[in-house]
Amino acid sequence: MFLLLPFDSLIVNLLGISLTVLFTLLLVFIIVPAIFGVSFGIRKLYMKTLLKIFAWATLRMERGAKEKNHQLYKPYTNGIIAKDPTSLEEEIKEIRRSGSSKALDKTPEFELSDIFYFCRKGMETIMDDEVTKRFSAEELESWNLLSRTNYNFQYISLRLTILWGLGVLIRYCFLLPLRIALAFTGISLLVVGTTMVGYLPNGRCKEFLSKHVHLMCYRICVRALTAIITYHNRKNRPRNGGICVANHTSPIDVIILASDGYYAMVGQVHGGLMGVIQRAMVKACPHIWFERSEVKDRHLVAKRLTEHVQDKSKLPILIFPEGTCINNTSVMMFKKGSFEIGATVYPVAIKYDPQFGDAFWNSSKYGMVTYLLRMMTSWAIVCSVWYLPPMTREKDEDAVQFANRVKSAIARQGGLVDLLWDGGLKREKVKDTFKEEQQKLYSKMIVGNHEDRSRS
Amino acid sequence: MGNEASYHSEMGNNFDQDEIKKLWKSFRKMDLDKSGSLSTEEFMSLPELQQNPLVSRVIDIFDTDGNGEVDFHEFIMGTSQFSVKGDEEQKLRFAFRIYDIDKDGYISNGELFQVLKMMVGNNLKDWQLQQLVDKTIMVHDQDGDGRISFQEFCDVVRSMEIHKKLVVFVEHGQED
């Protein structure tokens, strides 16, 4: 018994010392740079090392697969069929033209071959459709040592499995606690800081402090996720009185953008921890939080946003017009509300690199807490942010056309596919109006000719 | 899945192993309740299909045993008719079946009316539609029985290079 005592205290001492060292390191290398917005480049070094390891691992797998003689890579395609993007009118006209030449003297009204267009379109969709593809996570070509992305890579060698096991150990036992500690620090500093700033009288001092408290806490959160962000074209950053518009992949988008600029947030009032954070933030600077009931009232929302935007001293608003999280391979329909207000729009494109961790939040599969845990146990979140030059609505454009123009610009910059479909289709059905439109188009083709003939 | 793929490639369809694997993926994605067969609702969960007015006809043609659902075998046989390797006769039959709702081998006046109605919705009055239907049957009905047989259908449509129009190309990626 007595022999164990000095041993015990030794262990306790060691534990104490290592914890202290850890926290000092934490403070010096992570929190202090975050406060001043400086970076030591540790995360970039980490990223380079990881890339080297992934390359080695993939090479190893390729060799192993060749030995066992089975196919490793699924060939990368944007879809499994080659689609022919012709419109209803073009195609039906073409089909009729290639038909009997004796139809030259009379205008055809309905032909038995008119169904071909609909059949083919239907078949293309059944074999591979464009829309639901966007709602599940993108599949990777090489393995990044995370078993959650391991779809078709199986057991290859002992060395690889050991490496993977080591990876698990590092991620869950070292990185995860570190990150949780950072996140905790960041959030509590935000709440405490903004509440304290809220007690100050309104004026330049308050604004200055509020801005820096916000930025500091977001930067700590960025480090909590080990997010390695590259900002492009920072000269185009949103200014006061404007609206910042970006494509939406996950709730982390907010942290990424807000750590580089000072924005007014827009959103629904939540309960729980989020609610506490929201209430604290609004004390320091005017964010726009809506009650659940107010969200349904579009006029009220538009009015409040307009009021905010017209006050030039107020901060730029941050909005995600898709309305829901898309898996970062495409940009879906932008809701027109934010484009009707008439303010300058600053588009921002965010593109994540899926090699280090898939940032997409599949809200039907994972809850918020599960999602955050997955984020914190990935290697890192690597993304690029492009600030695009500001756009304003032109005189002959309506809100929908303007929204589409902005959407195309964002899609082009981020290398994403520009889709017309509504992100809400994740949960709801297509409105009947789409089918009715097709029917109307086709009817015009038949009736138009019919009317000509009856007149003559 | 390996066994099933080889089973299907022997079944007289126009796809190779690779293409069947890809179609299996699509099939699985659509089979939301994992029952092994696709119901009409599962087809209609694809947004682009919801805007297609003829989708119920296409599903009906797939469902060869008439149990209201499409299993993977019916799926493969159905999509195979649109393969680039499919022959003209197969495609003509497919198109004919769109119109021939009761599968009796003839397109009657009523059937043509129903299909046309699906395509135009409420944009044309019924009497206008009926006029179009009557005219079409009159023009194409050669033996005068008041309905269009498969042969008469082919005579009209054959010249339209149907083998080019009713084709969906399945892409091949690089093989390792």
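Is Lys103(B) buried, exposed or partly exposed? Keep that one in mind while you get your bearings; the tour comes back to chain B for the answer. One thing before you start clicking: this is a predicted model.

**Stop 1: the annotated spans of chain A**

Select residues 12-42, 156-174 and 180-201 of chain A. An unreviewed UniProt entry labels these three stretches "transmembrane region". Look at 12-42 in cartoon view: this part of chain A is 84% helix and 0% strand, and its end C-alpha atoms sit 30 Å apart. Then jump to 180-201 of chain A, which is 86% helix and 0% strand, with 34 Å between the end C-alpha atoms.

**Stop 2: a strand with two partners**

Next, pick residues 344-353 of chain A, which form strand β8. Of its 10 residues, 7 are buried, so the rest of the structure largely encloses this strand. Which strands pair with β8(A)? Take β3(A), residues 242-246, to begin with: it runs parallel to β8(A), and 5 bridges hold the pairing. To find the register, show Ala246(A), which stands opposite Val348(A) of β8(A). Then add β9(A), residues 381-387, which is antiparallel to β8(A) and joined to it by 6 bridges. Here the landmark is Lys351(A), facing Ser384(A) in β9(A).

**Stop 3: the loop before β3(A)**

Step back to Asn233(A), in the loop between β2 (227-232) and β3 of chain A. Its backbone is worth a look: phi is positive, about 55 degrees, although this residue is not a glycine. Asn233(A) has 36% relative accessibility, so it counts as partly exposed. While you are in this part of the sequence, select Arg234(A), Arg237(A) and Asp260(A), which are linked in a network of salt bridges.

**Stop 4: side-chain contacts in chain A**

Now show Phe290(A) and Arg304(A) as sticks. The arginine lies over the face of the Phe290(A) ring, 4.8 Å from the ring centre. Move on to Asp311(A) and Lys314(A), whose side chains form a salt bridge with an N to O distance of 3.7 Å. Both ends are partly exposed: Lys314(A) comes in at 26% relative accessibility and Asp311(A) at 29%.

**Stop 5: helix α12 of chain A**

Select residues 399-414 of chain A. This is helix α12, with 16 residues and a reach of 23 Å from first to last C-alpha, close to the 22 Å expected at 1.5 Å a residue. Colour its buried residues and you will pick up, among them, Phe402(A), Val406(A), Ile410(A) and also a charged-type name, Lys407(A). Just past the helix comes Gly415(A), with a positive phi near 70 degrees.

**Stop 6: the aromatic cluster of chain B**

Switch to chain B. A search of the whole structure gives 12 aromatic pairs over all chains. For one of them, select Trp24(B) and Phe72(B): the ring centres are 4.8 Å apart and the planes meet at 75 degrees, so this pair is edge-to-face. It links distant parts of the chain, since Trp24(B) belongs to helix α2 (residues 17-30) and Phe72(B) to helix α6 (residues 72-80), 48 residues apart. Both of these residues are buried. Widen the selection to Phe27(B), Phe43(B), Phe62(B) and Phe75(B), and you have the cluster that ring pairs build together with Trp24(B) and Phe72(B).

**Stop 7: charges in chain B**

Across all chains the count is 9 salt bridges. One of them joins Arg57(B) to Asp60(B), with the closest N and O atoms 3.2 Å apart. These two are 3 residues apart in helix α5 (residues 55-62) of chain B, so about one helical turn separates them. How do the two ends sit? Arg57(B) is buried, at 5% relative accessibility, whereas Asp60(B) is partly exposed at 24%.

Then find Lys117(B) and Asp126(B), a salt bridge at 3.3 Å, N to O. Asp126(B) is partly exposed, at 42%, and Lys117(B) is partly exposed too, at 26%. Nearby in your list, select Tyr106(B) and Arg147(B): the charged end of the arginine sits over the tyrosine ring, 3.8 Å from its centre.

**Last stop: back to Lys103(B)**

Finish in the loop between α7 (88-99) and β3 (106-107) of chain B, where Lys103(B) is found. Its phi is positive, about 55 degrees, although it is not a glycine. And the opening question: Lys103(B) is partly exposed, with a relative accessible area of 48%.

How values were computed:
Residues numbered from 1 in each chain as written. Chains lettered and ligands numbered in written order. Predicted model: local features only at pLDDT ≥ 70, side-chain atom pairs only at ≥ 80, totals over all residues. Heavy atoms only, no water. UniProt positions renumbered as here; feature names shortened; annotations may be inferred. Helix = DSSP H or I, 4+ residues; strand = E, 2+ residues; numbered from the N terminus. Expected span 1.5 Å × (residues − 1). Buried < 20%, exposed > 50% of the residue type's maximum accessible area, 1.4 Å probe, protein only. Pairing = 2+ DSSP bridges. Phe/Tyr/Trp six-rings, centres within 6.5 Å; stacked < 30°, edge-to-face > 60°. Lys NZ or Arg CZ within 6 Å of the ring centre and 35° of its normal. Salt bridge = Lys/Arg side-chain N within 4 Å of Asp/Glu carboxyl O.
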